[in-house]
Amino acid sequence: MKKRLPVFVLALYLLAALAMPAAAAEATETAAPTNVPREPGFCGEKITWDYAEGTLTISGTGEMDDFPEGTPWEEFRMEIKKVVFTGGVTYIGACSFKNNSALETVDFGGSLYEIGREAFASCDGLTAIELPASFKIFGEACFQNCRNLKEIHCQGKFPSFRQNCLWGTCATIYYPAERPWSVTYIEQLETAFNGRIEFLASDGTDPYHPEEPETQPEETVPPASTAAPETQPDIPATAAPTSAPETAVPTQKQTEAPTQVPTAPVQQEETDGGSGMWIGILIVGIVLLALLLGALVFRGTRPKGKFSA
């Protein structure tokens with residue numbers, strides 16, 4: 001037992017060392033953002049804000065601050081109807097416009113990369129938004145419970161959808177018709193959202209789920225009869241009947257594909273490749289520990305001495 005104890009303790013230390021980086025990384029990712037003290041009129045290191053007549057203008061370059069405890073424009077929150085981002089704003093801070101029910105229009109500019117956590121949560125005045133080609137990330141719950149948001153127009157490549165980013169929202173996301181998004185990603189998201197979020201090309205078509213086109217069958221004229229009709233003996237035998245056959249072809253197909261209507265919401269899960277890697281390392285460590293303990297037990301139970309012929 002005295003020989004086994006140091007190896008056992010060493011294995012425990014090894015497992016602890018493997019687990020600590022994963023726990024530290026998870027704690028870092030879930031840490032709540034904090035406000036950074038700024039001079040009046042600033043909402044980021046190089047970003048300023050100004051309010052006039054219902055419009056909030058945010059100008060500058062780089063990232064906005066996060067505002068978990070209130071924004072610099074809090075006194076105008078219920079008066080802001082329009083927000084305009086100018087210059088090179090790349091990140092909209094967390095909770096920047098949360099519960100701004102009067103907000104109706106947002107001009108995101110041309111440099112936006114990410115919308116922060118709950119940035120526009122519960123903004124019931126929003127009905128449609130347009131995101132620039134530079135946009136990449138829907139932050140966690142960024143448009144949560146925007147009940148009247150029906151159209152999201154994206155100009156760039158397929159973005160990242162963080163957890164609950166569109167929870168409680170039923171909208172159609174339009175992607176560039178000239179640069180279609182991956183059908184695999186679209187199918188995964190449609191399944192995750194349980195039909196509440198629909199994806200269409202910017203021209204209104206759905207190249208991945210094309211509808212059966214409606215065709216109008218051509219009217220056919222029955223061939224002329226070689227015998228005289230029984231009910232009209234005075235009409236020459238080569239004349240066509242005056243009435244259409246009772247078995248006429250219907251004018252419209254009856255098998256037209258129904259339109260799918262979005263149903264209930266579902267929480268979108270975000271995959272985390274980093275956590276999977278650390279779990280794999282932990283499993284390998286446990287297996288190595290089991291092998292070491294087995295070898296020690298076997299060594300302790302092996303008969304001692306030499307056998308002579």
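Of the 309 residues in this chain, 29% count as buried. The model is a predicted one, and the exercises below walk through parts of it.

**Exercise 1. Get an overview: how many helices and strands does the chain have, and what share of its contacts with a separation of 6 or more comes from residues 24 or more positions apart?**

Step 1. Start with secondary structure: the chain has 3 helices and 12 strands.

Step 2. Now take the contacts with a separation of 6 or more; 48% of them are between residues 24 or more positions apart.

**Exercise 2. Work out whether C123 is in a disulfide, and whether C123 is buried or exposed.**

Step 1. Count the disulfides in the structure: there are 0.

Step 2. Check the distance anyway. The nearest cysteine sulfur to C123 belongs to C146 and sits 5.3 Å away, and C123 is in no disulfide. The cut-off used here is 2.5 Å between sulfur atoms. In chemical terms, a disulfide would be a covalent bond joining the sulfurs of two cysteines.

Step 3. Look at accessibility: C123 counts as buried because its relative accessibility is 0%.

**Exercise 3. Describe the surroundings of L149: where does L149 lie, and which residues is L149 in contact with?**

Step 1. Place the residue. L149 is in the loop that runs between β8 (137-138) and β9 (151-154).

Step 2. Ask how accessible it is. With a relative accessible area of 0%, L149 is buried.

Step 3. List the partners, skipping neighbours within four places in sequence: L126, T127, A128, I129, F143, T169, C170 and A171 are in contact with L149. One of these partners, C170, has 26% relative accessibility and so counts as partly exposed.

Step 4. Tie this back to Exercise 2. L149 and C123 are 26 residues apart in sequence, and their C-alpha atoms are 8.6 Å apart in space.

**Exercise 4. For N100, find the loop, the burial and the residues N100 touches.**

Step 1. N100 is in the loop between β4 and β5.

Step 2. Its relative accessibility is 1%, so N100 counts as buried.

Step 3. Leave out residues up to four places away in sequence, and N100 touches R77, I80, S122 and C123. That last partner is the cysteine from Exercise 2, which is itself buried at 0% relative accessibility.

**Exercise 5. Two residues other than glycine, E53 and C95, have a positive phi. Which one is buried and which one is exposed?**

Step 1. Get the angles: phi is near 50 degrees for E53 and near 65 degrees for C95.

Step 2. Locate them. E53 is in the loop between β2 and β3 (55-63), while C95 is in the loop between β4 (82-92) and β5 (105-107).

Step 3. Apply the cut-offs, with buried under 20% and exposed over 50%. E53 comes out as exposed because its relative accessibility is 82%. C95, at 12%, counts as buried.

**Exercise 6. Take I47 and T172: which strand holds each, and what does each touch?**

Step 1. I47 is in strand β2 (residues 47-52), and T172 is in strand β11 (residues 172-175).

Step 2. I47 has 0% relative accessibility and therefore counts as buried. T172 is also classed as buried, given its 14% relative accessibility.

Step 3. Setting aside neighbours within four places in sequence, I47 is in contact with G41, F42, I58, S59, G60, T61, G62, E63, M64 and V89. On the same footing, T172 touches K150, E151, I152, E198 and L200.

Step 4. Add one distance: the C-alpha atoms of I47 and G87 are 9.1 Å apart, with their positions 40 residues apart along the chain.

**Exercise 7. Characterise the second largest cavity: what is its volume, and which residues line it?**

Step 1. The structure holds 2 cavities of 30 Å³ or more, and the second largest has a volume of about 30 Å³.

Step 2. Its lining is made up of F85, T86, G87, G88, V89, F108, G109, G110 and S111. G87 is the residue from the distance in Exercise 6, and V89 is a contact of I47.

Step 3. Sort the lining by class: 3 residues are nonpolar, 6 are polar and none is charged.

**Exercise 8. Examine both ends of helix α2 (residues 183-192): what is found at its start, and which residue with a positive phi follows α2?**

Step 1. At the start, a side-chain oxygen of S182 comes within 3.3 Å of the backbone nitrogen of T184.

Step 2. After the helix comes N194, with a positive phi near 55 degrees.

Terms used
Residues are numbered from 1 along each chain as its sequence is written. This is a predicted model: local features need pLDDT of at least 70, side-chain atom pairs count only at pLDDT 80 or more; totals for chains, interfaces and linings use all residues. Side-chain values use heavy atoms; hydrogens and water are left out. On a 1 Å grid over the protein atoms alone, a cavity is a set of points where a 1.4 Å probe fits but cannot get out, and a pocket is an open set with protein on both sides within 12 Å along at least five of seven lines; lining residues have an atom within 4 Å of a point. Grid points are joined across faces, edges and corners, and a volume is the space filled by probe spheres set on the points. Ala, Val, Leu, Ile, Met, Phe, Trp, Tyr, Cys and Pro count as nonpolar, Asp, Glu, Lys and Arg as charged, and the others, Gly among them, as polar. A polar contact is a pair of N or O atoms within 3.5 Å; within protein, one must be able to donate a hydrogen and the other to accept it, and residues adjacent in sequence count only if both atoms are side-chain atoms. Helices (H or I, at least four residues) and strands (E, at least two) are DSSP runs, numbered from the N terminus. Buried means under 20% relative accessible area, exposed over 50%, partly exposed in between (1.4 Å probe, protein chains only). Contact means heavy atoms within 4.5 Å.
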